[in-house]
Amino acid sequence: MSVWDKLRQLHQARGSQSIKSRFDQDANRFDNYSLSFGDMLFDYSKTALDRDILDGLLNLARHVGVESRRDAMFRGDKINETENRAVLHTALRNLNGGPVLVDGQDVMPGVLHTLERMKKFSTRLRNGTITAANGAPFTDVVNIGIGGSDLGPVMTDIALTPYQDGPKCHFISNIDGADITDTLAGLDPATTLVIVASKTFTTTETMTNATAAKNWLLSVVPAEKISDHLVALSTSEEKTAEFGVKRNRVFGFEDWVGGRYSIWGPIGLSLMLSIGPEDFTEFLLGAEEMDRHFQTAPLAENMPVLLGLIGVWHANLCQYHTRAVLPYDQRLARLPAYLQQLDMESNGKGVSMDGKPLACDSGPIVWGEPGTNGQHAFYQLIHQGTRTIPCEFMIARRGHEPELAYQHNILIANCLAQSEALMRGRDLQRACELMRRQGYTGAELERQAAHRVFTGNRPSTTLMYDLLTPRTLGKIIALYEHRVFVEGVIWGINSFDQWGVELGKRLANRLLPLVCGETTDDPHDGSTLGLLASLNIHC
């Protein structure tokens, strides 16, 4: 019997046993199904896992080679086989480790040199040594990128608001002109630095917005001084020079750093300018801590591995096709969107490493919002909808506002109550008792009670940490990076390419002349041609 068949058998055998009953049977369930790492506590006791299921999942991880694949990634092997690349975002935070080899060459001297350049630039800009063309300090930084060049900087900048003591950072990503218009409104181009984040310096959305931002700067900055206001995060020195960026203000990164994994290097420059090199280093150190834990902890005590195995259990055995990420931390408001890209762009694949169709489902749909806002939006579906949605709660033991400690206590109470309610539910008998106390009788009592039944037995995990610091944020992001990796290995897919984004880009380039009123011989379907005709009629 295969490891998958054994897991299916276990799922079928345990199907009628509720999560709540597992607590009734095991007084130590929380201790047995939770894991601590530093200040972080990962509680997975409110899932259907038992010892046999967990052992079966750990056997699955061993069977597919999670450990050997993990070691190959950290070693610098070219595990991104469709692009023949190593996967070494971990090298960007390898501050205390040894050499990392790619094609026999140690990449760490280059990584550390670039990091040092970033630190020197940030320090000099933050202390006023580097100034705008008019000699004034920079008050604002505008980061222009898209995808990983935007989601990472945006999310981390918001998350670490209490640590911001540099210029104010703003972010532009969408090609929609409203984005750049609204972002630049109210800013002074005379004291604004523009960072253009594009590895190749050819990304359509980014370069279109960058050109518009440069023209905005030129409204007050002399053309011969425009380079004082520009920074590029790119590997193309030729194109950045053509754009007007000084060579010493170009910060490059290698092709073994994927966009959605790039916040740890030059793509994180806006964050470093905002919070400073010291706290940015703390951010890197937190991720490095999680890297070492992932590399060295036994599978049964390995937080990324357990998070990944639970994800596989829910997605493949329980057939739950979505997961909700619910940070009870307002400053993690953009984390669900960040994890959407990290997870769905990495593991949204239908073909295995050998090019054959997958025999199982791959990445689930990832979504979420911060609590308690979500409670007043979509928790109705989570609690009483017909689909079971595993929930991943996050909560800090304390907030950055000691004077509002009572409000944080309310936040914690809501987070814990939601996970308990999802598991516990409310049966018809209790619902009838509630309605009887309100004076209902007979058929109306039964009708009203039915609307107040909660099926319960809905799984959730909770990640608790002390305080959202740069180091803690680094650990959280790295935890989810490695979770995505574990799931990808189990599904047998390449988590580090993203060919699914290419087709739409190519079609958009072919359609643009038609949108602009030109004629081409390109064939298109009737719907697209009809929409183009309607566009021209109503413009």
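**Figure 1. The buried residues of helix H7 in the predicted model.** Gly148, Ser149, Asp150, Leu151, Gly152, Pro153, Val154, Met155, Thr156, Asp157 and Ala159 are the residues of H7 that count as buried. That is 11 out of 12, so the helix is mostly covered. The geometry works out as well: with 1.5 Å per residue, the 12 residues of H7 (residues 148-159) should span 16 Å, and the C-alpha atoms at the two ends are indeed 16 Å apart, which agrees.

**Figure 2. Helix H13 and its surroundings.** Here 15 of the 15 residues are buried, so H13 is largely enclosed by the rest of the structure. H13 covers residues 303-317, and at 1.5 Å a residue its 15 residues should span 21 Å. The end C-alpha atoms of H13 sit 20 Å apart, which agrees with that figure. Just after the helix comes Gln319, with a positive phi near 60°. For background, most residues other than glycine have a negative phi.

**Figure 3. H13 crossing helix H19.** H19 takes in residues 470-491, and its axis comes within 8 Å of the axis of H13, with a crossing angle of roughly 50°. That angle makes H13 oblique to H19. As for handedness, the crossing is right-handed. On the H13 side, the contact is made by Met303, Pro304, Val305, Leu307, Gly308, Leu309, Gly311, Val312, Ala315 and Asn316. H19 brings Leu479, Tyr480, His482, Arg483, Val486, Glu487, Ile490 and Trp491 to the contact. Sort the residues of this contact by class and you get 12 nonpolar, four polar and two charged.

**Figure 4. H13 again, now with helix H4.** What angle do the axes of H4 and H13 make where they cross? It is roughly 105°, and the axes come within 10 Å. Angles of 65 to 115 degrees count as roughly perpendicular, so H4 (residues 51-64) is roughly perpendicular to H13. From H4, the residues involved are Ile53, Leu54, Leu57, Leu58, Leu60 and Ala61. They meet Leu306, Leu309, Val312 and Trp313 in H13. By class this contact has 10 nonpolar residues, with no polar and no charged ones. Leu309 and Val312 of H13 take part here, and both are also listed in the contact with H19.

**Figure 5. Asp291, a buried residue of helix H12.** H12 runs over residues 277-296 and includes Asp291. At 1% relative accessibility, Asp291 counts as buried, since the cut-off is under 20%. Setting aside residues up to four places away in sequence, Asp291 touches Phe74, Thr90, Arg93, Ala478 and His482. Arg93 is 198 residues from Asp291 along the chain, yet their C-alpha atoms are separated by 9.0 Å. His482 also turns up on the H19 side of the contact with H13.

**Figure 6. Gln418 and Ser419 in helix H16.** These two belong to H16, which covers residues 405-424. Gln418 has 13% relative accessibility and therefore counts as buried. Ser419 is buried as well, at 1%. What does Gln418 contact, once its neighbours within four places in sequence are left aside? The list is Tyr328, Gln375, Tyr379, His383 and Phe393. With such neighbours again left aside, Ser419 is in contact with Lys46, Phe393, Ser460 and Thr462. Phe393 is on the list for Gln418 and on the list for Ser419.

**Figure 7. A cis peptide bond in a loop.** Most peptide bonds are trans. Gly371 and Thr372, however, are joined by a cis one, with omega at about 10°. Thr372 is placed in the loop between strand S11 (365-367) and helix H15 (379-384).

**Figure 8. Two asparagines with positive phi.** Asn84 is not a glycine, but its phi is positive, at about 55°. Look for Asn84 in the loop between helix H5 (66-75) and strand S3 (101-102). Asn457 also has a positive phi without being a glycine, this time about 60°. The loop that holds Asn457 lies between helix H18 (442-450) and strand S13 (460-465). Is Asn457 buried or partly exposed? At 31% relative accessibility, Asn457 counts as partly exposed.

Definitions and conventions
Residues numbered from 1 in each chain as written. Predicted model: local features only at pLDDT ≥ 70, side-chain atom pairs only at ≥ 80, totals over all residues. Heavy atoms only, no water. Helix = DSSP H or I, 4+ residues; strand = E, 2+ residues; numbered from the N terminus. Expected span 1.5 Å × (residues − 1). Buried < 20%, exposed > 50% of the residue type's maximum accessible area, 1.4 Å probe, protein only. Axes fitted to C-alpha atoms, helices over the stretch in contact; angles between N-to-C directions. Parallel < 35°, antiparallel > 145°, perpendicular 65-115°, else oblique. Left-handed = near helix turned anticlockwise from the far one by under 90°. Contact = heavy atoms within 4.5 Å. Nonpolar A, V, L, I, M, F, W, Y, C, P; charged D, E, K, R; others polar.
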